[in-house]
Amino acid sequence: MAAPAKPTRIGLAGLAVMGQNLALNIAEKGFPISVYNRTTSKVDETVERAKAEGDLPLYGFHDPESFVQSIQKPRVIIMLVKAGAPVDQTIKTLSVYLEKGDCIIDGGNEWYENTERREKAMAELGLLYLGMGVSGGEEGARNGPSLMPGGSFEAFKHIEDILIKVAAQVPDSGPCVTYIGKGGSGNFVKMIHNGIEYGDMQLIAEAYDVLRTVGKLSNEELHQVFSEWNKGELLSFLIEITADIFSIKDDKADGYLVDKVLDKTGMKGTGKWTVQQAADLSVAAPTIASSLDARFLSGLKEERVEAAKVFGSGLSNVEVDKAKLIDDVRQALYASKICSYAQGMNLIRAKSIEKGWDLKLGELARIWKGGCIIRAVFLDRIKRAYDRNPELANLLVDPEFAKEIVERQSAWRRVVCLAINSGISTPGMSSSLAYFDSYRRERLPANLVQAQRDYFGAHTYERTDTEGSFHTEWFKIAKQLKN
């Protein structure tokens, strides 16, 4: 392997596709990079790609010691390995050769508390540590991802010049990277980004289901509809790729590939973590939670096949005006999406307050505008909402979003009712609507639930007309009334 003439600017360990693509992106931006992987064939593969993709300044190493020694001091090494034990193992392998002031950056989808634990352990060795969310998939890693670094600010300063060039670049908005905050904030923000992504994907799937099952749209028509939607308020990466999916024919049989894909969705854990955090923080996130439940139910394919034999399809034919339905579904999708993002932002704010991270929600919306999976024109509106009012309690009450929801409310309700009457589940749209309806009501039936709690568990209650905490002997009074 050709050794660099002088020390390289940065190192990257972990050469699965994301690691390879990020390393090539860094090299292409003019930063000489050293790469290492435990399975050495991946190192050779990356070196070959660097040659083929423009003779890029990328240098491969088969052993950790020569890899670390090849990087200029203070050394900066990005790890892109599986979350959990493999990260600890890689740190252990590399830290033997690192010196005080060197820096390790974990670019994987790690649980934020693991990052905080590692940052403390590294600090004891005199090493700096960052947990950096990387979004954009394989294509984003190669051509410009959205980057969410959190942890040591000193470490961020060591690599800021690289990140600014490597991140996605959005005109009028700049590079899709910012220092997120202390501790595990970078990983936490990436986790919530993924939770919002789960919600987005579920809502799009429901729009597809209603259009296909009730509206009887063909794949060609669906391609047209989503392509058209991608020119307006729904313009986004996920709508764009959805339009693409409907246009791709099956290469193994007749028809379209999407119809041959098994209706069983996989997951890696970030959506589940988001819902667990929502429960821990007492923040309602029903759109994100329903998207996770939908994935769980999709996994019960064999049970669903049997249940369909018992209950029949449950679908009833409803006559619809196709053009009107398409427009209604577009409006319902947009309104539901506002709720999903509102829930994600509320989770980030709640955690920021709990941990003292002082996260800037408008700045997060800005760095999600390019490179990442949830990139959308809509995020510009979110940024403007937080610019107008950084203390905004909920996106729903921003004047611009409030007006849009009110305008789309009738269409949203029509779509949810149509789906229910047709026997189609729309858990994302329905729970988004329920979230909106609960949030906008001055009085909820929670008074009855609290009365029940006081009845059986003496949990006390507050009153609407007097300050203080009260308890009533409901059981005794009810018994007297019965006698």
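**Exercises on a predicted model**

Four bridges connect strand E1 (residues 10-13) with strand E2 (residues 33-36), and the two strands run parallel. The exercises below concern a predicted model.

**Exercise 1. Determine the strand order of the sheet, and identify which strands stand at its edges.**

Step 1. Begin with the pair E1 and E2, which run parallel. Within this pair, Ser 34 of E2 is the bridge partner of Gly 11.

Step 2. Extend the pairing to the whole sheet. The sheet is open and has seven strands, in the order E3-E2-E1-E4-E5-E6-E7, with mixed pairing.

Step 3. Examine the two ends of that order. Strand E3 (58-61) and strand E7 (146-151) each have a single partner strand, so one side of each lacks a neighbour in the sheet.

Step 4. Consider the twist. On average, and with direction ignored, neighbouring strands of this sheet are turned by 25 degrees against each other.

**Exercise 2. Compare how helices H5 and H8 are placed on the sheet, with strand E6 as the reference.**

Step 1. Locate helix H5 (residues 112-124). Helix H5 lies across strand E5 (103-106), strand E6 (128-135) and E7, and its direction makes an angle of about 150 degrees with E6.

Step 2. Locate helix H8 (residues 185-214). Helix H8 lies across E6 and E7, at about 15 degrees to E6.

**Exercise 3. Describe the largest cavity and the character of its lining.**

Step 1. Search the whole structure with a threshold of 30 Å³ or more; one cavity is found. The largest cavity holds about 40 Å³ of space.

Step 2. List the lining: Asp 200, Ile 204, Leu 234, Ile 239, Leu 333 and Lys 337.

Step 3. Assign the lining to elements. H8 and helix H14 (322-355) each contribute at least two residues.

Step 4. Classify the residues: four are nonpolar, none is polar and two are charged.

**Exercise 4. Explain why the salt bridge between Arg 142 and Glu 53 ties together separate parts of the chain.**

Step 1. Establish the contact. The structure holds 42 salt bridges. In the one between Arg 142 and Glu 53, the closest N and O atoms are 2.9 Å apart.

Step 2. Place both residues. Arg 142 belongs to helix H6 (residues 137-143) and Glu 53 to the loop between helix H2 (40-52) and E3, so the pair links parts that are 89 residues apart in sequence.

**Exercise 5. Locate the cis peptide bond at Pro 74 and the positive phi values of Lys 216 and Ser 282.**

Step 1. Recall the usual case. Most peptide bonds are trans, and most residues other than glycine have a negative phi.

Step 2. Examine Pro 74. The peptide bond from Lys 73 to Pro 74 is cis, with omega near -10 degrees. Pro 74 is in the loop between helix H3 (64-69) and strand E4 (76-79).

Step 3. Examine Lys 216. Its phi is positive, near 55 degrees, and Lys 216 is in the loop between H8 and helix H9 (219-229).

Step 4. Examine Ser 282. Phi of Ser 282 is also positive, at about 55 degrees, and Ser 282 is in the loop between helix H11 (270-281) and helix H12 (286-298).

Conventions: Residues numbered from 1 in each chain as written. Predicted model: local features only at pLDDT ≥ 70, side-chain atom pairs only at ≥ 80, totals over all residues. Heavy atoms only, no water. Pairing = 2+ DSSP bridges. Axes fitted to C-alpha atoms, helices over the stretch in contact; angles between N-to-C directions. Contact = heavy atoms within 4.5 Å. 1 Å grid on protein atoms, 1.4 Å probe; cavity = no way out; pocket = protein on both sides within 12 Å on 5 of 7 lines; lining within 4 Å. Points joined across faces, edges and corners; volume = space filled by probe spheres on them. Nonpolar A, V, L, I, M, F, W, Y, C, P; charged D, E, K, R; others polar. Salt bridge = Lys/Arg side-chain N within 4 Å of Asp/Glu carboxyl O.
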